[in-house]
Amino acid sequence: VQLQASGGGLVQPGGSLRLSCAASGNIRAINLMGWYRQLLGKKRELVAHILSGGSTEYADSVQGRFTISRDYAGNTFYLQMSSLKPEDTAVYYCYAEVKEATDWHTRPYWGQGTLVTVSS
């Protein structure tokens with residue numbers, strides 16, 4: 001199983017950006033999809049996650065500004081980020097708990113990071 005993240009870049013404060021994460025491989029189901037971020041020298045923190053049933057959870061710092069969603073058909077999920085602030089600058093990582101088709105075991109997977117820079 002592989003997770004491929006994309007969509008990072010440079011954006012001005014107040015702007016918007018959408019991150020995508022595509023999961024591929026021997027996937028039977030994805031139980032949880034999420035986004036984490038990590039600032040230089042800091043530990044990785046949860047931004048948002050979405051469960052297979054559709055329920056979501058957000059960090060207080062992004063509540064109301066970010067929206068996580070998923071495309072059930074294509075095993076892709078997204079993070080729509082709006083009203084971005086300089087403090088949102090970080091490397092963003094996608095994460096998924098995947099039930100594999102080979103043995104039906106659920107395992108965690110991380111995508112590569114994508115850098116989001118919010119600056120004027």
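Me: In the hairpin of β5 and β6, how many residues sit between the strands, and which residue takes a positive phi?

Reply: There are four residues between the strands of that hairpin, and Gly 54 has the positive phi, near 105 degrees. Keep in mind that we're reading a predicted model. The two strands, β5 and β6, pair in the antiparallel sense over three bridges. To see one of them, look for Ile 50, whose bridge partner in β6 is Thr 56.

Me: What about the hairpin of β4 and β5: which residue takes a positive phi there?

Reply: That one is Gly 41, with phi near 85 degrees, and this hairpin has six residues between its strands. Here β4 and β5 run antiparallel and are joined by six bridges. Find Trp 35 and look across: Ala 48 in β5 stands opposite.

Me: Let's zoom out to sheets. In what order do the four strands of the open sheet come?

Reply: When you read a sheet, walk across it strand by strand. The order here is β1-β3-β8-β7, with antiparallel pairing. At the edges you find β1 (2–6) and β7 (66–71), each pairing on one side only. From one strand to the next, the twist averages 15 degrees.

Me: How many bridges join β1 to β3?

Reply: Five bridges do, and β3 covers residues 17–24. For a landmark, try Ser 6, which is opposite Ser 20 in β3.

Me: Now a single residue on β1. Is Leu 3 buried or exposed?

Reply: Leu 3 belongs to strand β1. With a relative accessibility of 6%, Leu 3 counts as buried, because the cut-off for buried is under 20%. The residues that Leu 3 touches include Cys 21, Cys 94, Tyr 109 and Trp 110, if you skip those up to four places away in sequence. You can also compare position in sequence with position in space: Leu 3 and Val 116 are 113 residues apart along the chain, and their C-alpha atoms are separated by 18 Å.

Me: How do I read a nonpolar core, and which residues touch the most other members here?

Reply: The general idea is that, in soluble globular proteins, nonpolar side chains tend to be buried together. In this structure the largest nonpolar core has 31 residues, and Trp 35, Val 47, Phe 66, Leu 79, Met 81 and Tyr 92 touch the most other members. Two or more residues come from each of β1, β3, β4 (27–38), β5 (45–51), β7, β8, β9 and β11 (114–118). The biggest giver is β9, with five residues. To explore, click on Val 47: among its contacts beyond four places in sequence are Trp 35, Phe 66, Leu 79 and Tyr 92.

Me: On to charges. How many salt bridges does the structure hold?

Reply: As a general idea, side chains of opposite charge can pair when their charged atoms come close. The structure holds five salt bridges. In one of them, Arg 37 meets Glu 45 at 2.8 Å, N to O. Arg 37 counts as buried at 5% relative accessibility, whereas Glu 45, at 35%, counts as partly exposed.

Me: Where do Asp 88 and Arg 65 lie?

Reply: The side chains of Asp 88 and Arg 65 form a salt bridge at 2.8 Å, N to O. Asp 88 is in the loop between β8 (76–81) and β9, while Arg 65 is in the loop between β6 (56–58) and β7, so the pair ties together parts that are 23 residues apart in sequence. Both Asp 88 and Arg 65 are buried. A network of salt bridges links Arg 37, Glu 45, Arg 65 and Asp 88.

Me: Which side chain does Glu 100 meet in a salt bridge?

Reply: Glu 100 pairs with Arg 107 at 3.3 Å, N to O. You'll find Glu 100 in strand β9, residues 90–100. Glu 100 counts as buried because its relative accessible area is 9%, under the 20% cut-off. Arg 107, at 29% relative accessibility, counts as partly exposed. Glu 100 also touches Val 1, Asn 26, Arg 28, His 105 and Tyr 109, among residues more than four places away in sequence.

Methods: Residues are numbered from 1 along each chain as its sequence is written. This is a predicted model: local features need pLDDT of at least 70, side-chain atom pairs count only at pLDDT 80 or more; totals for chains, interfaces and linings use all residues. Side-chain values use heavy atoms; hydrogens and water are left out. Buried means under 20% relative accessible area, exposed over 50%, partly exposed in between (1.4 Å probe, protein chains only). Contact means heavy atoms within 4.5 Å. Two strands pair if DSSP finds at least two bridges between them. Axes are lines fitted to C-alpha atoms, for helices over the stretch in contact, and angles run from 0 to 180 degrees between N-to-C directions. A salt bridge is a side-chain nitrogen of Lys or Arg within 4 Å of a carboxyl oxygen of Asp or Glu. A nonpolar core is a set of buried Ala, Val, Leu, Ile, Met, Phe, Trp, Tyr and Cys residues joined through side-chain atoms within 4.5 Å.
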